[in-house]
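Thanks for making time. I will go through one protein chain, starting with the whole and then moving to a few of its parts.

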Amino acid sequence: MNLRVLVLTLLLICSFGRSNIRSWAQAAAPETHRKTSEPYTGDLSVFESAGRDQRLQIERVMDVLGLGPGKQVADIGAGSGWFTVRAAKRVGGLGVVYAVDISPEAERYITDRARKEKLNNVTAVLSTPDDPKLPAGSVDAVLLLKTYHEVAHPVTLLRNLRSALRAGAKVGVIDRNGNGQDHGIEKDVVIGEAKDAGYRLSEQYDFVKGDNMDYFLVFTVAE
């Protein structure tokens, strides 16, 4: 080993400890590139199709995520706010729903929708592709609904999400199996990327849509 590298390694171990060195190395590791789908930029009303509640069994999804009165939730990739408004009604006036999207159009759309529907517990958040921009320790549950396949750097996004999670927070991903470019991503890829970001798979379901393609994964921060 190069003497200079050896000295630097020993200094790092003495300064930070072995566990911190491991965390630093994981955070510094480059993220593997994979294929993704282009984020949707069309008419946001397309997400409001009749019967979507039943197809996705969204009430059951909210049960799994533990949504109830007073809970604080993040809808990442909120789009038209379809899930946002349902979560807002579930958590009530003492709860909060952060509607997170990278599109300024979506942020404006959701802000206007929440005002019209008198949902004072909704906060629209304009994020960046790699950072949800949520306050520290702000959420009990997160859902990425048909959004994960559009995330170009999912490990980075999930790492940046961690500071916003409260103890025991659940992170849900609903998507469909695919190759990344066809508006889907294989669930094993999602599980592997979440692990790299410091999460563990706690639950998985296939009841959404019942088409043998869609899946619902639930993660928590790994101990």
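Buried residues account for 42% of the 223 residues in this protein chain. Please keep in mind that this is a predicted model. The accessible surface of the chain comes to about 11900 Å², and 53% of that belongs to carbon and sulfur atoms. For contacts, take the pairs of residues at least 6 apart in sequence: 74% of those contacts join residues at least 24 apart.

Now the secondary structure. The chain has 8 helices and 7 strands. How are the strands arranged? The 7 strands form an open sheet with mixed pairing, in the order β3-β2-β1-β4-β5-β7-β6. β3 and β6 are the edge strands, each pairing on one side only. From one strand to the next, the twist averages 20°.

Let me take the β3 edge. Strand β2, residues 96-101, pairs with strand β3, residues 122-126, in the parallel sense, over 5 bridges. Within this part, Asp 101 stands opposite Leu 126 in β3. Helix α6, residues 104-116, joins in: β2, α6 and β3 make a right-handed β-α-β unit. The helix α6 lies across β2 and β3, and runs at about 170° to β3.

Over to the other edge strand, β6. Here the pairing of β6 and β7 is antiparallel, over 6 bridges. Tyr 199 stands opposite Val 221 in β7.

That leaves the last helix I want to show, α8, residues 187-196. Which residues of α8 are buried? They are Val 190, Glu 193 and Ala 194. These residues sit on the same side of α8, because they cover an arc of only 100° around the axis. On the other side of α8, Asp 188 and Lys 195 are exposed.

What covers the buried residues of α8? The cover includes helix α7, at 154-161, along with three strands: β5 at 165-176, β6 at 199-205 and β7 at 214-221. So β6 and β7, the antiparallel pair I just described, are part of what covers α8.

One last detail on the chain after this helix. α8 is followed by Gly 198, which has a positive phi, near 100°.

To go back over the main points: there is an open sheet of 7 strands with mixed pairing, a right-handed β-α-β unit made by β2, α6 and β3, and a helix, α8, with Val 190, Glu 193 and Ala 194 buried. I will stop there and take questions.

Conventions
Residues are numbered from 1 along each chain as its sequence is written. This is a predicted model: local features need pLDDT of at least 70, side-chain atom pairs count only at pLDDT 80 or more; totals for chains, interfaces and linings use all residues. Side-chain values use heavy atoms; hydrogens and water are left out. Helices (H or I, at least four residues) and strands (E, at least two) are DSSP runs, numbered from the N terminus. Buried means under 20% relative accessible area, exposed over 50%, partly exposed in between (1.4 Å probe, protein chains only). Contact means heavy atoms within 4.5 Å. Accessible areas come from the Shrake-Rupley method with a 1.4 Å probe; for residues, only the protein chains shown count as cover. Two strands pair if DSSP finds at least two bridges between them. A crossover is right-handed if, with the strands pointing away from the viewer, the path from the first strand over the helix to the second runs clockwise. The arc is that of the directions from the helix axis to the C-beta atoms. Axes are lines fitted to C-alpha atoms, for helices over the stretch in contact, and angles run from 0 to 180 degrees between N-to-C directions.
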